[in-house]
Amino acid sequence: MSGSNDHHGGDMPHSTFKGYMTGFVLSVILTAIPFWLVMGDVIKDTGMTALVILGFAAVQIVVHMIYFLHMNFQSEGGWNMLALIFTAVIVFIALAGSLWVMYHLNVNMMPGLMKEYG
C-alpha cells in the first residue's frame, strides 16, 4: 500500500479542514436563523414563515452537497450533478402532484357537507 488515500479516485475532489469548517459554520447559521424566526415569532404570517424556512432548508441542502458530499459539475464528468438534478425534479413532481391531488380531493369531496357544517 503506497498511501492512505489509495481508496479515493484520482479525479475526485478532496476537501480541506477549511472547507469542512466553512460548511459546518454555514450549516449552523442556516439552522440558527430559522430557529430564531420561529422561536422569536419574527414573521407573524405562518405561511410566510414556512416559505422562508423552506428556502433556508433548500440552501442548506446545497451547502451540504457542496461542502460535505463534494458534488459539483466536474466530479465524474458531471453525471453526479445531473443524476441529482433528475432526482430532485422527480421528487418535486411527485410531491407537488400529491399535494395537488390531496388539495383537490379535500375541496371537491362531498361539497354538500361543507355547506351544512361550514
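A pocket is an open set of grid points with protein on both sides within 12 Å along at least five of seven lines, and its lining residues have an atom within 4 Å of a point. In this predicted model, helices α2 (46-67) and α3 (79-108) each supply at least two residues of the lining of the largest pocket.

**The pocket.** The largest pocket holds about 160 Å³ of space. Which residues line the largest pocket? They are A58, I61, V62, M65, M81, L84, I85 and A88. The lining has eight nonpolar residues, no polar ones and no charged ones.

**Annotated spans.** An unreviewed UniProt entry lists residues 20-38, 50-69 and 81-105 under "transmembrane region". Two of these spans are set out here.

| Span | Distance between end C-alpha atoms | Helix | Strand |
|---|---|---|---|
| Residues 50-69 | 27 Å | 90% | 0% |
| Residues 81-105 | 36 Å | 100% | 0% |

**One residue, I53.** I53 sits in helix α2. Is I53 buried or exposed? Neither label fits: I53 is partly exposed, because its relative accessible area is 27%, and partly exposed lies between under 20% for buried and over 50% for exposed. Leaving aside neighbours within four places in sequence, I53 is in contact with P34 and V38. L30 is 23 residues away from I53 along the chain, and their C-alpha atoms are 9.3 Å apart.

**Confidence.** The protein has a mean pLDDT of 82, and 81% of its residues reach 70 or more. Among its elements, helix α1 (residues 17-39) has the highest mean pLDDT, 95. Helix α4 (residues 111-117) has the lowest, 61. Where pLDDT is low, the predicted coordinates should not be read in detail.

Key: Residues numbered from 1 in each chain as written. Predicted model: local features only at pLDDT ≥ 70, side-chain atom pairs only at ≥ 80, totals over all residues. Heavy atoms only, no water. UniProt positions renumbered as here; feature names shortened; annotations may be inferred. Helix = DSSP H or I, 4+ residues; strand = E, 2+ residues; numbered from the N terminus. 1 Å grid on protein atoms, 1.4 Å probe; cavity = no way out; pocket = protein on both sides within 12 Å on 5 of 7 lines; lining within 4 Å. Points joined across faces, edges and corners; volume = space filled by probe spheres on them. Nonpolar A, V, L, I, M, F, W, Y, C, P; charged D, E, K, R; others polar. pLDDT = per-residue confidence, 0-100. Buried < 20%, exposed > 50% of the residue type's maximum accessible area, 1.4 Å probe, protein only. Contact = heavy atoms within 4.5 Å.
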